[in-house]
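Please open the model in your viewer with the sequence panel beside it, and keep a selection tool ready. The tour below goes from one selection to the next and says what is to be found at each stop.

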Amino acid sequence: MEWTIGWWQVSVQRVYPTTTQLSQTYNRAASGWHQKLRLLGYRAAYQKLWQLIKTANVLPDWKDKITLCDCGIGTAAFSLAFAQTINSTAHITGVDLSVEMLNQADRQLSQFKVSHQLCQSDVNTLPFADDAFDAVMSAHMLEHLPNPAQGLREMVRILCPGAPLVLVVTRSSLPGTLIQWHWGNRCFNLEELSALMHDAGLSHIQFFSFPVGLARLTSIACIGFRKT
Ligand SMILES: C[S@@+](CC[C@H](N)C(=O)[O-])C[C@H]1O[C@@H](n2cnc3c(N)ncnc32)[C@H](O)[C@@H]1O
């Protein structure tokens, strides 16, 4: 944004934290993160969301052991809710910038005996082959990316054709804006997110509102399927 006032030109430009700054921030937050998610109702909200998605009957009818990638896994709250609600035998590959978050994810997934592997990586350059996963998920990570289109394309690249990508993001709202000020992330409205998903090569995009918790006010979920 730029304004000219008399002989002065004033400009305001958005800056995003670097990946180093983000990993340091989340390293510091890691030890209390899982408990904080519980107190704020996000863990219950993630469970309810997966139940809603199950009831909507939009996910494939997975018979075999599936491979799933959680991008920005944090302490694995979203993955655990998936394992407890949808498929407890899935092998989960968790990706995160923050080593301390990955350590917490390892503890949580091991405690609940969920088959997993963890990988420190930037989602913009995932170290996986094309078409490697039966599903990709990501909760509250996309909003940290200065270029979300690039991150989304990378998540779609590693999906098998026809497979689902499940996203949760901070949505444009008053609570979303407060989170944005605190964490230096962005918010999305439905139109923006839908266009981004479409441009990344996803189709049959469907939105879900959170039925419970603070997530009802702060977040929105959506599913899209990689075009075949
Ligand atoms: C708000 S937390 C969400 C964690 C978890 N998904 C949850 O719902 O509790 C965002 C996570 O994304 C990770 N992250 C942010 N930018 C990333 C990037 N470019 N690549 C990989 N992980 C990233 C952070 O380290 C952090 O663990």
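Two strands are said to pair if DSSP finds at least two bridges between them. With that in mind, and remembering that this is a predicted model, select residues 2–5 and residues 8–11, which are strands E1 and E2: the two run antiparallel and are joined by four bridges. Pick out Trp3 and look across to E2, where its bridge partner is Val10. Then move to the turn of this hairpin, which has two residues between the strands, and select Gly6, whose phi is positive, near 60 degrees.

Next, select residues 19–39, which form helix H1, and follow the helix to Ala30, where it bends by about 65 degrees. Colour Leu22, Tyr26, Ala30, Trp33, His34 and Leu37 within H1, since these residues are buried; Ala30 is thus a buried residue as well as the site of the bend. To see what covers the buried residues of H1, add helix H2 (42–56), helix H3 (77–85) and helix H4 (99–111), which are included in that cover. Before leaving this part, step to Gly41, just after H1, where phi is again positive, at about 85 degrees.

Now turn to the ligand and display the residues around it, of which there are 23, with Tyr26, Gly72, Gly74, Val123 and Ala139 coming nearest. Tyr26 has already been selected as one of the buried residues of H1. Which element gives the most to this shell? H1 does, with five residues, while H1, H3 and strand E4 (91–96) each supply at least two residues. If you colour the shell by class, you will find 13 nonpolar, eight polar and two charged residues.

Finally, clear the selections and view the whole protein, in which there are eight helices and nine strands. The radius of gyration is 18 Å, close to the 17 Å that the globule rule gives for 228 residues, and the protein is therefore as compact as a globular protein of that length. Along its principal axes, the C-alpha trace spans about 70 × 40 × 35 Å. Colouring by burial would mark 43% of the 228 residues as buried. If you draw the contacts between residues at least 6 apart in sequence, 72% of them join residues at least 24 apart.

Definitions and conventions: Residues numbered from 1 in each chain as written. Predicted model: local features only at pLDDT ≥ 70, side-chain atom pairs only at ≥ 80, totals over all residues. Bend = angle between axes of the 7 residues up to and from the residue. Buried ≥ 20, exposed ≤ 12 C-beta atoms within 10 Å, placed from the backbone. Contact = placed C-beta atoms within 7 Å. Near = placed C-beta within 6 Å. Nonpolar A, V, L, I, M, F, W, Y, C, P; charged D, E, K, R; others polar. Rg over C-alpha atoms; globule rule 2.2 N^0.38 Å.
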